Amino acid sequence: MKQGVLWLDLGNTRLKYWLIEHDKIILSDAKEHLKAPNELLLGLLGSFAQFDPAFIGISSVLGERINETLANTLTEFGRAFEFAKVNDNHPMLKSHYHPKQLGVDRWLQMLGVVDANKQQCVIGCGTALTIDVIDKGVHLGGYILPNVYMQRHALYAGTQQIGVKKGRFDELSLGLSTDDAVNHGVLFGVVSAVKNIQQQYPDYEVILTGGGANMLSAHLDGVQTDAELLLKGLQRYFCGKSKLSSHTENA
């Protein structure tokens, strides 16, 4: 008998998942999908054959064409699935943001931590740096910035004299070479943006999530990190839906 669920997060560069049975995570991982998420998904489905999840809940920012391909693959495998969609009037999270322009990844990150009794700021440290401010369950709006890698690439691509393509983002000190000046400088800009938010909203709880959360938190005070907010939000999104209950009960 089929049991359990698979939560699947398809980001711009990585695929992350939780495989859950009896309310416990039994498998989890994050893999680079190298712009070929369908091929990676096929491999995962094969490795999950022994678990045979009854339902797959998906968050995807990869666009309609790729999502359609993924849907066809899951249908061929006989899997019950659904893509999460932004609900700006969700019981747990209202939003002032334009609903058709709010990315499902940002929305699920907020849903994963929102608390009606708290003032919160969720910072997604992924391919882009997203900053979203929530006042007791109401999303007030936010910012989107290029992350440190995108900023460095823009300098490399847009100038003749700056050829910096690699190096670590681990220092905020003044650079004594062009490599250090670029790497320290772009990190300084991102850290400064978060510090500015902390100054504007001093009573707000700041939570960092995503692949770059630990790198950024090392240079900040008074922040929390939770790398799994999106998957937690995906779980919150689907767990109250009758569709999920019917799949797991009737499988």
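Two exercises with worked solutions follow.

The structure is a predicted model, in which local features need pLDDT of at least 70 and side-chain atom pairs count only at pLDDT 80 or more, while totals for chains, interfaces and linings use all residues. Residues are numbered from 1 along each chain as its sequence is written, and side-chain values use heavy atoms, with hydrogens and water left out.

**Exercise 1.** Describe how domain 1 and domain 2 meet.

*Solution.* Begin with the bounds, which come from an automatic or database domain assignment: domain 1 covers 4–83 and domain 2 covers 116–230. Next, take the contact (heavy atoms within 4.5 Å), to which domain 1 gives 7 residues and domain 2 gives 5 residues. Then turn to buried area, the accessible area (1.4 Å probe) that two parts lose on being put together, summed over both; for these domains it is about 440 Å², 49% of it on carbon and sulfur atoms. Asp9, Lys16 and Trp18 supply 59% of the area that domain 1 buries against domain 2, more than any other three residues.

**Exercise 2.** Which side chains meet in a salt bridge, and at what N to O distance?

*Solution.* Recall first that a salt bridge needs a side-chain nitrogen of Lys or Arg within 4 Å of a carboxyl oxygen of Asp or Glu. The side chains that meet in this way are those of lysine 16 and glutamate 228, at 3.2 Å from N to O. Finally, consult the count between domain 1 and domain 2, which is 1 salt bridge.
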